[in-house]
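Colleague: I'm new to this structure and would love a close look at one part of it. Could you take me to the charged side chains and tell me how they are placed?

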Amino acid sequence: MKKNNSSWSLFLDRDGVINQRIPDDYVKSWDQFIFLPGVLKALQLLKPFFRHIFIVTNQQGVGKGLMSGTELLHIHKNLKKVVRKHGGWIEEIFYCTELSISQPSCRKPAIGMGLAAKKKYPDIDFSQSIIVGDSGSDIAFGKNLGMVTVFIAEHDDKLQADHTCKDLHQFYLTFVSKINN
């Protein structure tokens, strides 16, 4: 894929932003993975505005033994394939499978996944990066790295995020209107 001229990077949480979250459980197989309405179109529309689009996701279901690392990779491979088929692009998916109780440096709100992305893609500038997430740990992750933070919520409950949107499509509409002005 040819990179665009934008200097901005987009970091997306997975469950609750890209796909439906399963209450009190984990998406453990591709059969359980359901894209949220409008996400595939939003990813297609967002693609030209970002140099990099990444997913950063805590996936402790693997650490708990509820699913295998192989199954997680299968989910992510299919996710990227479907996004590409619909004209979008996810450059890479960074994930942390360790248990939250051990407080690993890779698990949001810690910045390990962001630093891993920066190591692999040195052109990332966190001051020109946006994190879109649906939890306090997503927002804290972005704040800890100096990113613009966007909270996905039905209600205006910012959790100290810079912006709140109801979904990824509304984020696209808001983002494009700001850069076109």
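Modeller: Happily! Lys-77, Lys-81, Arg-84 and Lys-85 form a positive surface patch. Keep in mind that this is a predicted model. One member of the patch, Lys-77, sits in helix H3, which spans residues 69–85. Lys-77 has a relative accessible area of 60%, so this residue counts as exposed, the cut-off being over 50%.

Other charges are paired up, and the count of salt bridges is nine. Among them is the one between Arg-51 and Asp-123, at 3.4 Å from N to O. Arg-51 belongs to the loop between H1 and strand E2 (52–58), while Asp-123 belongs to the loop between helix H4 (112–120) and strand E4 (129–133), so this pair ties together parts 72 residues apart in sequence. Arg-51 is partly exposed at 22% relative accessible area, and Asp-123 is partly exposed too, at 34%.

Now look at Lys-108 and Asp-138, whose salt bridge has its closest N and O atoms 2.6 Å apart. This pair also links distant parts of the chain, 30 residues apart: Lys-108 is in the loop between strand E3 (92–96) and H4, and Asp-138 is in helix H5 (residues 136–145). Both Lys-108 and Asp-138 are buried. Together with Asp-13, they make up a network of salt bridges.

Finally, Asp-167 and Lys-166 meet in a salt bridge at 3.8 Å, N to O. Asp-167 is partly exposed, with 22% relative accessibility, and Lys-166 is partly exposed as well, with a relative accessible area of 44%.

Notes:
Residues numbered from 1 in each chain as written. Predicted model: local features only at pLDDT ≥ 70, side-chain atom pairs only at ≥ 80, totals over all residues. Heavy atoms only, no water. Patch = residues over 30% accessible without salt bridge, like charges linked within 9 Å, V, L, I, M, F, W, Y side chains within 5 Å. Areas by Shrake-Rupley, 256 points an atom, 1.4 Å probe, with all protein chains shown as cover. Salt bridge = Lys/Arg side-chain N within 4 Å of Asp/Glu carboxyl O. Lys, Arg positive; Asp, Glu negative; His and termini not counted. Charge placed at Lys NZ, Arg CZ, Asp CG, Glu CD. Helix = DSSP H or I, 4+ residues; strand = E, 2+ residues; numbered from the N terminus. Buried < 20%, exposed > 50% of the residue type's maximum accessible area, 1.4 Å probe, protein only.
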